[in-house]
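Q: Got a minute to go through this one with me? I'd like a quick tour before setting anything up.

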Amino acid sequence: MRVKRAKKNKKNMGVYVQIFGFREPYQMILDGNLIQVASMMKIDTWTSLPKVLQGQVRLYTTSCVISELRALGPDFGAAVLAAKKLERRRCNHEKPIGASDCLKSVVGSDNKHKYGVATQDGALRKHLRAIPGTPLVYINNGVVLLEPPSIETERRMKELEIQKTLPKKFEEPVLKKINPDSKIAAEPTRTFKKKPKGPNPLSMKKKKKDAPQKAAGAGTGEKRKREKADVDGGE
Ligand SMILES: [Zn+2]
């Protein structure tokens with residue numbers, strides 16, 4: 001099971017790396033509830049997150065997360081201490097706001113800073129699934145898990161893959177114009193235009209009209225075919 005999960009995680013992280021430009025160390029923002037659960041279950045986020053994400057990580061939290069943990073009372077004391085050991089990601093909230101809203105604002109509408117979010121908050125994860133290219137981590141039954149890429153992530157992934165192929169097609173005519181070889185490429189298109197413009201279509205129409213009328217003589221038909229061939233060859 002563990003090997004299978006590791007393979008899945010590697011494949012899923014590959015999406016963020018190859019399509020969304022994520023690079024190690026992966027920046028993970030930890031929510032207070034996950035820090036609390038990890039603390040209670042004695043899960044070391046410093047060792048478990050690199051394992052799940054299969055690469056080096058930088059672990060962040062925000063001042064709002066810490067102040068929310070503090071406000072929850074002494075039961076969350078260990079979590080506060082654990083949170084303080086993480087790097088502080090500036091969130092620009094002078095007055096602390098709810099951790100969920102704070103993390104939403106840090107990730108923003110497009111996660112341009114390429115954060116992953118580790119949270120036990122199902123509603124927050126649901127919100128973040130709508131933002132393409134946002135790795136989501138949570139703890140379930142004492143196991144740290146990476147969510148598979150969301151539907152929105154997959155949708156954006158397909159869009160980006162299509163965009164990657166489009167410039168190549170557009171580049172071709174541009175490159176032909178720039179390249180001296182383009183003259184060679186342009187010539188066949190001219191000859192293609194000449195062929196239909198030539199007398200062939202007209203002559204064919206005339207012959208079609210003639211053919212059924214004089215169809216009785218098989219020999220004449222053969223002669224005409226030869227004539228046609230001569231005309232075609234002469235052009
Ligand atoms: Zn904040």
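**Helix, sheet and zinc site**

A: Start with helix α2, where the buried residues are G32, L34, I35, Q36 and A38.

Q: Before that, what is the average pLDDT of the chain?
A: This is a predicted model. The chain averages a pLDDT of 83, and 73% of the residues score at least 70.

Q: Which stretches fall below 50?
A: Residues 182-194 have a pLDDT below 50, and beyond near neighbours in sequence that stretch makes three contacts in the model. Residues 213-223 are also below 50, with two contacts beyond near neighbours in sequence.

Q: OK, the sheet. What is the strand order?
A: It goes β3-β2-β1-β4-β5-β6. The six strands form an open sheet with mixed pairing.

Q: Which strands are at the edges?
A: β3 and β6, the latter being residues 143-146. Each of them pairs on one side only.

Q: Parallel or antiparallel for β5 and β6?
A: Antiparallel, with four bridges joining β5, residues 136-140, to β6. V137 stands opposite L146 in β6. Y138 has L145 as its bridge partner there.

Q: What about the turn of that hairpin? How many residues sit between the strands?
A: Two. N141 takes a positive phi near 50° in this hairpin.

Q: Back to α2. Which strands does it touch?
A: Helix α2, residues 32-40, packs on the sheet and touches β1 (26-30), β2 (57-61), β4 (115-118) and β5. The direction of α2 makes about 35° with that of β5.

Q: Anything odd in the backbone just after α2? Which residue has the positive phi?
A: K42, at about 55°.

Q: And β1, how many of its residues are buried?
A: Four of the five, so β1 is largely enclosed by the rest of the structure.

Q: How does β1 pair with β2 and β4, parallel or antiparallel?
A: Parallel with β2, through four bridges. Parallel with β4 too, again through four bridges. On the β2 side, Q27 has R58 as its bridge partner. On the β4 side, M28 stands opposite G116.

Q: Generic check: what holds paired strands together?
A: Backbone hydrogen bonds, whether the strands run parallel or antiparallel.

Q: Switching to the metal. Which atoms bind the zinc ion?
A: The protein donors are C64 (SG), C91 (SG), H93 (ND1) and C102 (SG). They lie 2.0 to 2.3 Å from the zinc ion.

Q: Why does the arrangement count as tetrahedral?
A: Because the four donor atoms subtend angles of 101 to 114° around the zinc ion. The cut-off for tetrahedral is that all angles lie between 85 and 135 degrees.

Q: And the ideal value, for restraints?
A: For four tetrahedral donors, 109.5 degrees.

Q: How are the donor residues spaced in sequence?
A: C-x26-C-x1-H-x8-C. C91 lies in the loop between β3 (87-88) and α6 (99-107), while C102 is in helix α6, so this pair ties together parts 11 residues apart in sequence.

Q: Are those two cysteines, C91 and C102, buried or exposed?
A: C91 is buried, with a relative accessible area of 11%. C102 is buried as well, at 0%.

Q: Last one, K7. Where is it, and buried or exposed?
A: K7 is in helix α1, residues 2-18. K7 is exposed, with a relative accessible area of 62%. From K7 to Q54 the C-alpha to C-alpha distance is 9.8 Å, and the two are 47 residues apart in sequence.

How values were computed: Residues numbered from 1 in each chain as written. Predicted model: local features only at pLDDT ≥ 70, side-chain atom pairs only at ≥ 80, totals over all residues. Heavy atoms only, no water. pLDDT = per-residue confidence, 0-100. Contact = heavy atoms within 4.5 Å. Donors = N, O, S within 2.8 Å, 3.2 Å for Na, K, Ca; no water. Tetrahedral: all angles 85-135°; square planar, octahedral: opposite > 155°, others 65-115°. Buried < 20%, exposed > 50% of the residue type's maximum accessible area, 1.4 Å probe, protein only. Pairing = 2+ DSSP bridges. Axes fitted to C-alpha atoms, helices over the stretch in contact; angles between N-to-C directions.
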